[in-house]
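Welcome! Let us take a friendly walk through this structure, stopping at a few places that are worth a look.

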Amino acid sequence: MTEVSSAKIVSKVVWSQDYLSYRFSDSHPMNPIRLDLTMRLAEALNVCESRDMALIEPFVASDEELAAVHTPEYIAAVHRGAENPSEEIPEFGLGSEDNPLFPAIHDSAALIAGGSIAAAREIIAGTAQHVVNFAGGLHHAAAAKASGFCIYNDAALAIQELLDHGFERVLYIDVDAHHGDGTEQIFWNDPRVMTISLHESGVSLFPGTGFANETGGPDALGTAVNVAVPSRTSDAGWLRAFHSIVPQITEQFEPQVIVSQHGCDAHAHDDLTNLRLSVDAQRQNMLDIAELAKRFSNDRWIATGGGGYNVIEVVPRAWTHLMAIAGGQPIPLRTEVPASYREYVLETYGVEAPEFMSDGAELWWRSWEVGYDPSDPIDRTIMATRKEIFPLYGLDPWFD
């Protein structure tokens, strides 16, 4: 692996208008206008140009490249589904309500996968420290099955690319409202990869997994870390959970690179989940992960998107913040959304876009050092994970 200079953060964004071809149907929640609006908002705020963030083109990953984490049989089934989109292939999760087939299903999903592989290759070559592929983060896709709107697992492919080129410890952090089950399972028994997922409990949300006692395979115990917060968790509890577990375990794992998934469907106005976060908290978490990369992985960081189904109010602001943070210059919270962008949204979609890049939240959370409250469901969630994971790294679940 190549060392990069720390004098200036070299950041890049993977983008192509062809990403918009990943469209299951006109009524499907995974609507690619969220990607288009994100890039339009970033352009209106001059995010990339003012931070010298080069745009790099994704490529359609070959079947051989996809087979780094997916089975040949599954890849062949996706090709077959593209040729016969009226078919159902239930053994591979294709043709279901969540994952309906469409003619571009292989090429569009393989393009997103190629985008995250391209991000990994930038890190490997030392030509970038931070790379954002906000179209990626399709974390439910398993080795041999589509799931939860996800066909190919681009984040897992990026991680495998890093491993195949000499990286020995890769940390994956997933803050989508849904458990990052596909990525976790792909690396379940690989001690070189730690997956940390902070998500709404599977008791109340798809995919129904990701509990504290799911800690990795026999050769990799402690490398699957799950923080399953209760339904309706808001900013303070969610940030307390993150800060009570993730920095401590990151320090112990000593990653050489961090790959993160920033699904923004934990927002209070996202209709597919039951969490209550603000854009302000999501932005703070992006800053936190950027700081972890700076402290523990030589500032090597690949950031992907993920879930996010409020495509006007939430997704464009969240992922524009992500790009700006990756570029080393966060957008101040009280920044106004440009009038030209708001006019475009109103004229095109008949909906008012937010006026500011903030929800006006007052961010505050209790640190773990102030004490554990057994009557608090957030604290019980935190302690469940700490009890499972911390002793495996020589840490005290009560105090460290």
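A good place to begin is D299, which is buried because its relative accessible area is 12%, and under 20% counts as buried. Please keep in mind, here and below, that this is a predicted model. You will find D299 in the loop between α9 (279–296) and β8 (301–304). The backbone there deserves a second look: D299 has a positive phi of about 60 degrees, although it is not a glycine.

A companion to this residue is R232, in the loop between β6 and α8. R232 is likewise a residue other than glycine with a positive phi, in this case near 75 degrees. Is R232 buried or exposed? With a relative accessibility of 55%, R232 counts as exposed, since the cut-off for that word is over 50%.

Another backbone feature sits in the loop between β5 (193–200) and β6 (224–229), where P207 is found. The peptide bond that joins F206 and P207 is cis, and its omega is about 5 degrees.

Now turn to helix α5, which covers residues 105–125. How far apart are its end C-alpha atoms? At 1.5 Å a residue, the 21 residues of α5 should span 30 Å, and the end C-alpha atoms are indeed 30 Å apart, so the expected span and the model agree. Of those 21 residues, 18 are buried, which means that α5 is largely enclosed by the rest of the structure. Just after α5 comes G126, whose phi is positive, at about 75 degrees.

Our last stop is a pair of helices. Two packed helices are described by the angle between their axes and by the distance between those axes. Here the partners are α8 (residues 235–253) and α12 (residues 377–389), whose axes come within 9 Å and cross at roughly 15 degrees. Angles under 35 degrees count as roughly parallel, and α8 and α12 are therefore roughly parallel to each other. The crossing in which α8 passes α12 is right-handed.

Which residues meet where these two helices touch? From α8 come G237, R240, A241, S244, I245, Q248 and I249, while α12 brings I378, D379, I382, T385, R386 and I389. Sorted by character, the residues of this contact between α8 and α12 comprise six nonpolar, four polar and three charged. If you trace α8 in the view, you can follow these residues along its contact with α12.

Methods
Residues numbered from 1 in each chain as written. Predicted model: local features only at pLDDT ≥ 70, side-chain atom pairs only at ≥ 80, totals over all residues. Heavy atoms only, no water. Helix = DSSP H or I, 4+ residues; strand = E, 2+ residues; numbered from the N terminus. Expected span 1.5 Å × (residues − 1). Buried < 20%, exposed > 50% of the residue type's maximum accessible area, 1.4 Å probe, protein only. Axes fitted to C-alpha atoms, helices over the stretch in contact; angles between N-to-C directions. Parallel < 35°, antiparallel > 145°, perpendicular 65-115°, else oblique. Left-handed = near helix turned anticlockwise from the far one by under 90°. Contact = heavy atoms within 4.5 Å. Nonpolar A, V, L, I, M, F, W, Y, C, P; charged D, E, K, R; others polar.
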